[in-house]
Amino acid sequence: MAPVTSLASTVDQRIADALSAALPEAGSADPLLRRSDRADYQANGILALAKKLKGNPRELAAQVVSALTAPGLIEEIEVSGPGFLNITVADRAIIETLAARAADDRLGVPYAERSGTTVVDYAQPNVAKEMHVGHLRSAVIGAAMVEILEFTGERVVRRHHIGDWGTQFGMLIQYLIEHPHELDHDATATAAELDGETAMSNLNRLYKASRALFDGDEAFKARSRDRVVHLQAGDKETLALWQRFVDESKIYFFSVFDQLDMEIRDPDIVGESGYNDMLEETCRILEESGVAVRSEGALCVFFDDVKGPDGNQVPLIVKKTNGGYGYAATDLSAIRDRVGNLDASTLLYVVDARQSLHFKMVFETARRAGWLNDEVKAVQLAFGTVLGKDGKPFKTREGETVRLVDLLDEAVERATAVVREKARDLSEDEIAERGKQVGIGAVKYADLSTSAARDYKFDLDQMVSLNGDTSVYIQYAHARIRSILRKAGDTAPLAHPELSLAPAERALGLHVDQFGEVLAEVASSYEPHKLAAYLYQLSSLFTTFYDQCHVLSDDNPRELVENRLFLCAVTARTLKQGLALLGIQAPERL
């Protein structure tokens, strides 16, 4: 089916047409339509237009109303205040629009195929290191943006820029050479049977042992540094052992992402090492083009607006004095690869706000080199820090960084207790399954419901609460609707445009109709918290509707029951689709 035009867009266009007809000298003026608590919509554009035309805004507004033709769409329109237009749409228009949405698999949301490609860089853990709470936001926000962009028609390529290269691997590989069985698994175990906790336990044990030896044994430290040279030179034995660390870490990564109910595909994992062959050429291009210059032996890029406390310019170091490559060389090579080989038109980096200066310098360098331009842009979707209840960076009582798997386990445990308390007809297996869906959803929603750039407090008690702005509240609204539809038995949802709507029905219907517009805004501005806010408000409006409009009452005529079931059904589908785009499950029963 074709996309469904929202009521707001249709009304906006009719007002714009009336403006052009009544005031041709105004050109194509914007009606500035918005939702209103005094009517369904309010158009404020005539005030600015009156200043431009030097006319009386109320008189101009009256001319626009006279020129308006919208039979079947607008029930009432009045001039208010200094020249606002208060607009009430017809009940029939609301139900007919929702019926068109309900008839479409995509709820009438446009699928606008675009010519470009967006590469989303997110979920970037480090090899041989445990994932902690700091890895949560990039994964959750990035995954949501991928889903939203793809749903609205964007061609998306995922990239997980894992930390899989560096001098620490010399220490790890040398220790494994001297203790060759440290990463061994049960020979009979299949790949599916290798669990993440075992893999991470092996890596942690090896890391601690190798670090202790490195710090206490000068001979081992020397051998480790020699091993770094072998690694960077491409020695086959050394690379094979390095690959074991990468593979072992992936077992762990996949287990954590599976716990997060998040799909991470192996071909999309292109770590720092994936750009090693490009580093020297990247540096050569930058130096030959004059973008980078030599400073005290290092290859640097300078910026007029980036200075240290002493007032001197702070450079982006692409190649160090000792010949080693900095993070900038890898990031710039990744841009070259994504633009040149993946045909990217947009590069979206979901990375910590504390890296904003680094990426500002990297993007500007890429622009100077011609890799970014008017046709190819790079954007940092910067996110803030996860805080504890005390407002400080989230730590354990011992001051350690919180392990991500421990945090997720506790969330599921808390959520399971909430589900068990409310469960009426669920088995223990179903309670456990719902507990995971609610717990993981709660963690994701707490992250996504906050503007990415802001820090947020990690409070599990609030996250799994049935009250307030939580995913649990939204999931329960969806489950309640599904319960109503089951109880309806043979009475099916059916739209009845001929019926008058109660205020709560109108408010619910108008909000459902905004789904596509909200998604378009989120996709263009990279602000998934706006989708979370929309779903919470939709759940709240449904709660009001449920309280004020009895759905299955025996006193209601059949047509009224069918129409209210129709409103329930289209609301449930919208909630489920919206939660899915945020990576959150919508259980049928809770």
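In the predicted model, Y349 has a relative accessibility of 3% and is therefore classed as buried, the cut-off being under 20%. F359 is likewise buried, its relative accessible area being 4%. The rings of these two residues form a pair with centres 5.2 Å apart and planes at 45 degrees; because this angle is neither under 30 nor over 60 degrees, the pair of Y349 and F359 is classed as tilted. The contact links distant parts of the chain, since Y349 belongs to strand 10 and F359 to helix 12, with their positions 10 residues apart. Together with F363, Y349 and F359 make up one aromatic cluster.

Strand 10, which contributes Y349 to this pair, is part of an open sheet of four strands arranged in the order 6-5-10-11, with parallel pairing. Strand 6 (155-159) and strand 11 (377-383) occupy the edges; each has a single partner strand, so one side of each lacks a neighbour in the sheet. From one strand to the next, the twist averages 20 degrees. Strand 5 (residues 117-121) and strand 10 (residues 346-352) run parallel and are joined by four bridges. Within this pairing, V119 has L347 of strand 10 as its bridge partner.

Two helices were found to lie across strands of the sheet. Helix 5 (residues 136-151) lies across strand 5, strand 6, strand 10 and strand 11, and its direction makes an angle of about 160 degrees with strand 6. Helix 12 (residues 356-369), the element that carries F359, lies across strand 10 and strand 11 and runs at about 180 degrees to strand 11.

In total, 11 aromatic pairs were counted in the model. Among them is the pair of F542 and F545, which is tilted, with a distance of 5.7 Å centre to centre and an angle of 45 degrees between the planes. Both F542 and F545 are buried. These two residues lie in helix 19 (residues 529-548) and are three residues apart, so about one helical turn separates F542 from F545.

Aromatic rings are also approached by charged side chains. The charged end of R480 is placed over the ring of Y546, at 4.5 Å from the ring centre. In a second arrangement of this kind, the charged end of R35 sits over the ring of Y41, with a distance of 5.6 Å to the centre of that ring.

Note on methods: Residues numbered from 1 in each chain as written. Predicted model: local features only at pLDDT ≥ 70, side-chain atom pairs only at ≥ 80, totals over all residues. Heavy atoms only, no water. Pairing = 2+ DSSP bridges. Axes fitted to C-alpha atoms, helices over the stretch in contact; angles between N-to-C directions. Contact = heavy atoms within 4.5 Å. Phe/Tyr/Trp six-rings, centres within 6.5 Å; stacked < 30°, edge-to-face > 60°. Buried < 20%, exposed > 50% of the residue type's maximum accessible area, 1.4 Å probe, protein only. Lys NZ or Arg CZ within 6 Å of the ring centre and 35° of its normal.
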